[in-house]
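Open the model in your viewer and keep a selection command at hand. The stops below say what to select next and what is there.

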Amino acid sequence: MKKGYLVLVSVFLALFFTSCNNYHIDEYGCFVSLEEAKQEAAKKNLPVLAIITQEEGEAGGGSMFFLKNILSTSSFRKSAKNKFVLYRMDCSQKTFQKSAIVEEGSAKEKEQSLFYSDAISQGFELIASLAVEYTPFFAFLLPQGYIVNEIEYDEEKMDVQKFGAILDYYYEEAKMSAHLVDLIENAQTDSEKFTSIESLYETTPVKFHSSLINLARLAVKLDPENKTGKIGKYVYDIADSDASELCVLKQDYEGAIKIYLDAADNSWLSNDEKIQCYYMAAYIIERYLSIDDPRIIEYMNKALELNPQDELRAYLENGIEYFQNTVKSVTE
């Protein structure tokens, strides 16, 4: 059994489902819609076990092994029933066409197509947030959409008992995160709320901080003058989120660059965060605008002036040399 590596440009959502209690559930007992899964999780006060599979093209049948030998077993479903809500996005191509609207189709068929289209959008947004590179992939989410963790596992010699033990370990982290969210939502003072946000940030892997962006905005509102001295990381995360949205959704690259540069001027940010702002500004120019734009060198030099760590320093120095030669060759 091997993990299959996910190629986002070619994956599509393949889902077989039936309706149950007004929800759409697939043949493995998993919710088809992430929003519906979160709604059910909120009702039951449980986390969501997000499952990303790829039924087609995996050497060794990793996803199919999990689906047939673990997820569909009565023992797994019994153990999962009162602990978490199952959500699955399958990235196979075989039923992607279900999202295509057939003009001559019935109203019900068109409604189903729209449902699939929305489910696809939700699924790919989650894949991006999770930075999924292989399948099967598992992660715990909270009903609010906060990502708790990526569930790491050894795919060899897997069975229901072993997988259950792995889930139990990560489930405890989900319970702790849920407790912190409760503290945030029920805090009696701004100080208590801020402290609980800090705790959740600290226990959430940095790569999943983007899922906490609404809490980052709340933290800034709770301490607008940075009296705690801890607001810098929230300001950076907000800038990173807003700039990414401008790039991806609006193709406003200059607007995104300005967001990063404004953040880099904020004295609350650490040097490392400022370096990242300048680097991202240069990256956007190189990636989306022009490789011979002199601002690339300017912003990389600004990052270099902030004394980055040795590995990043060497990377920036090599990059500056490369882009200097590029600009020189263009102007000659």
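Two strands are said to pair if DSSP finds at least two bridges between them. Helices (H or I, at least four residues) and strands (E, at least two) are DSSP runs, numbered from the N terminus. This is a predicted model, in which local features need pLDDT of at least 70 and side-chain atom pairs count only at pLDDT 80 or more, while totals for chains, interfaces and linings use all residues. Residues are numbered from 1 along each chain as its sequence is written, and side-chain values use heavy atoms, with hydrogens and water left out.

**Stop 1: strand β4**

Select residues 48-53, which form strand β4. Six of the six residues in β4 are buried, where buried means under 20% relative accessible area, exposed over 50%, and partly exposed in between (1.4 Å probe, protein chains only). Val48, Ala50 and Ile52 point one way from β4, and Leu49, Ile51 and Thr53 point the other way.

Now add residues 85-90, strand β5. β4 and β5 pair in the parallel sense, over six bridges. Ile51 is the residue that stands opposite Arg88 in β5.

Then add residues 137-141, strand β7. Here the pairing with β4 is antiparallel and runs over five bridges. Ile52 stands opposite Phe137 in β7.

**Stop 2: the lead-in to β7**

Select Thr135 and Pro136 and check omega. The peptide bond between them is cis, with omega near -5°. Pro136 lies in the loop between β6 (134-135) and β7.

Two further backbone selections follow. Asn45 has phi near 55°, a positive value in a residue other than glycine. Asn45 sits in the loop between α1 (34-44) and β4 and is exposed, at 60% relative accessible area. Ala131 also has a positive phi, near 55°. Its place is the loop between α4 (107-130) and β6, and Ala131 is partly exposed, at 49% relative accessibility. Most residues other than glycine have a negative phi, and most peptide bonds are trans.

**Stop 3: salt bridges**

Return to Arg88 and show its side chain. How many salt bridges does the structure hold? There are 15, a salt bridge being a side-chain nitrogen of Lys or Arg within 4 Å of a carboxyl oxygen of Asp or Glu. Arg88 and Asp90 form one of them, at 3.5 Å from N to O, and both residues are buried. Add Asp26 to the selection: Asp26, Arg88 and Asp90 are linked in a network of salt bridges.

For a second example, select Glu172 and Lys175, whose side chains meet in a salt bridge at 3.7 Å, N to O. These two residues are three apart in helix α5 (residues 160-186), so about one helical turn separates them. Glu172 is partly exposed, with a relative accessible area of 45%, and Lys175 is partly exposed, with 42%.

A third pair is Glu225 and Lys227, with an N to O distance of 4.0 Å. Glu225 is exposed, at 56% relative accessible area, and Lys227 is exposed, at 70%.

**Stop 4: the largest nonpolar core**

Select Leu49, Phe76, Phe84, Tyr87, Phe140 and Phe163. Of the 96 residues in the largest nonpolar core, these touch the most other members. A nonpolar core is a set of buried Ala, Val, Leu, Ile, Met, Phe, Trp, Tyr and Cys residues joined through side-chain atoms within 4.5 Å. Helix α5 gives the most to this core, with nine residues.

Center on Phe76. Residues up to four places away in sequence not counted, Phe76 touches Leu49, Ile70, Leu71, Phe84, Leu86, Val160, Phe163 and Leu167 (contact means heavy atoms within 4.5 Å).

**Stop 5: helices α6 and α7**

Select Leu200 in helix α6 (residues 190-203). Leu200 is buried, with a relative accessible area of 2%. Which residue, 23 residues apart from Leu200 in sequence, is 6.3 Å from it in space, C-alpha to C-alpha? That residue is Ser177. Leaving aside neighbours within four places in sequence, the contacts of Leu200 include Ser177, Leu180, Leu212 and Leu215.

Finish with residues 213-222, helix α7. Its buried residues are Ile213, Leu215, Ala216 and Ala219. Seen down the axis of α7, they fall within an arc of 155°, so they line one face of the helix; the arc is that of the directions from the helix axis to the C-beta atoms. The buried residues of α7 pack against α5, α6 and α8 (232-250).
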